[in-house]
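Here is a friendly walk through the inside of one protein chain. Have the sequence to hand and turn the structure as you read.

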Amino acid sequence: MFYNIRNRDLILLIVSVLSLSNLHAQTKVIAHRGYWNCEGSAQNSITSLQKAQELNIYGSEFDVWMTTDGVLVINHDGVIDGLKIEDVDYAQLKEKLLKNGEKLPLLEEYLLQGKKERKTRLILELKPHNSKEKEERAVAAVVKLVDKHNMRRQIEYISFRLGICKEFVRLDRKAKVAYLNGDLAPKELKAIHINGIDYHYTVLQKNRAWVDEARKLKMTVNVWTVNSKEIMQEMMAAGVDFITTDDPVLCKETLRPKPVAPPRSGSPLPAQPAR
């Protein structure tokens, strides 16, 4: 009898631990524009990627623009020091500095740093440009560069422009592509082979059923940009796959599985159903 009780206690403990671990394992951390909110770093810098890689989190997000001469550069805003990136050539941008003193990074430089730590996924946001032609050229240039470095498995694509997402899918049907704009249900995106939603957390607060719908369709669910512990916990409980945040350290700590205390010796077992 003692042997059976101990075994049952052990089984209950294992089930509890696995259940809790699975809950937390469903949600992973993505650093928004890299890990920039720390000394020596800056948004979308090579340093921000290096620091994100050191955190051992799922991924690091960054923003890409293309110049008039087809050079892919990384910056969140479309304008730097009064120059509109998509309307100038790279020669006018190559000496521009980020807040930490780094030069404006090239996408290729970013990819080379990314290859140094293959476990960290690179979440590439291609920004909407002012014409469909520019966007299609940019998508083609991005995919060509990713292929050059044999990084298809490490790269995931996101965009606010539906046409950009569709073009990534057209050029690479196996790519992970998520839509950012928040105005389409998962089933509408699945119908055009886009396999993820990446919406502001308020969108999913209003449309909770979209998380379940996406899961049934085997799509991923990401939320941005979550910087409070309370919203992180809410989104984790909702079952999202990823949280994109400006505070990846806080998010990693918030999502970390909490240890489960073993049952005390002699503690009552749950009632068993009658046979």
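## The nonpolar cores

In this predicted model, the largest nonpolar core has 59 residues, and Leu 107 and Tyr 157 touch the most other members. Helix 4 (residues 132–148) gives the most to this core, with 6 residues. Such a grouping fits a broad trend: in soluble globular proteins, nonpolar side chains tend to be buried together.

What surrounds Tyr 157, once its neighbours within four places in sequence are left aside? Its contacts are Leu 124, Val 142, Val 143, Val 146, Phe 168, Ala 175, Lys 176, Val 177 and Ala 178. Another core, of 10 residues, lies apart from the largest one, and its members include Trp 65, Ile 80, Ile 85 and Val 88.

## A buried glutamate

Now turn to Glu 86, in the loop between strand 5 (83–84) and helix 3 (107–114). Is this residue buried or exposed? Glu 86 has a relative accessibility of 5%, so it counts as buried, the cut-off for that being under 20%.

The side chain of Glu 86 has a partner in the backbone: it reaches the nitrogen of Asn 130 at 2.8 Å. Not counting residues up to four places away in sequence, Glu 86 touches Trp 65, Met 66, Thr 67 and Thr 68, together with Pro 128, His 129, Asn 130 and Lys 134.

## Aromatic pairs

A pair of aromatic rings is described by the distance of the centres and the angle of the planes. The count for this model comes to 6 aromatic pairs. In one of them, Tyr 58 and Phe 242 have ring centres 4.5 Å apart and planes at 35°, so the pair is tilted. Tyr 58 sits in the loop between helix 2 (46–54) and strand 2 (59–66), while Phe 242 belongs to strand 11 (residues 242–245), so the pair ties together parts that are 184 residues apart in sequence. Both partners are buried: Tyr 58 has a relative accessible area of 14%, and Phe 242 one of 9%.

How are the rings of Phe 160 and Trp 224 arranged? Their centres are 5.7 Å apart and their planes meet at 80°, so this pair is edge-to-face. It also links distant parts of the chain, with Phe 160 in the loop between strand 7 (155–159) and helix 5 (162–171) and Trp 224 in strand 10 (residues 220–224), 64 residues apart. Phe 160 is partly exposed at a relative accessible area of 29%, and Trp 224 counts as partly exposed too, at 23%. Elsewhere, ring pairs link Tyr 179, Tyr 199 and Trp 210 into a cluster.

## The two sides of helix 8

Trp 210 appears again in helix 8 (residues 209–216), whose buried residues are Trp 210, Val 211 and Ala 214. Why do these three share a side of helix 8? They cover an arc of only 105° around the axis, which puts them on the same side. As background, an α-helix has 3.6 residues a turn, so residues three or four places apart point the same way.

The buried residues of helix 8 are covered by parts that include helix 6 (186–190), strand 9 (196–200), helix 7 (201–206), strand 10 and helix 9 (229–238). On the other side of helix 8, Ala 209 and Lys 216 are exposed. Just after helix 8, Lys 218 takes a positive phi of about 60°.

## Cysteines

How many disulfides does a search of the whole structure find? The search finds 0. Cys 38 is partly exposed at 23% relative accessibility, whereas Cys 251 is buried, with a relative accessible area of 0%.

Note on methods
Residues are numbered from 1 along each chain as its sequence is written. This is a predicted model: local features need pLDDT of at least 70, side-chain atom pairs count only at pLDDT 80 or more; totals for chains, interfaces and linings use all residues. Side-chain values use heavy atoms; hydrogens and water are left out. Rings of Phe, Tyr and Trp (its six-membered ring) pair if their centres lie within 6.5 Å; planes under 30 degrees apart count as stacked, over 60 as edge-to-face and the rest as tilted. Helices (H or I, at least four residues) and strands (E, at least two) are DSSP runs, numbered from the N terminus. Buried means under 20% relative accessible area, exposed over 50%, partly exposed in between (1.4 Å probe, protein chains only). A disulfide is a pair of cysteine sulfur atoms within 2.5 Å. The arc is that of the directions from the helix axis to the C-beta atoms. Contact means heavy atoms within 4.5 Å. A nonpolar core is a set of buried Ala, Val, Leu, Ile, Met, Phe, Trp, Tyr and Cys residues joined through side-chain atoms within 4.5 Å. A polar contact is a pair of N or O atoms within 3.5 Å; within protein, one must be able to donate a hydrogen and the other to accept it, and residues adjacent in sequence count only if both atoms are side-chain atoms.
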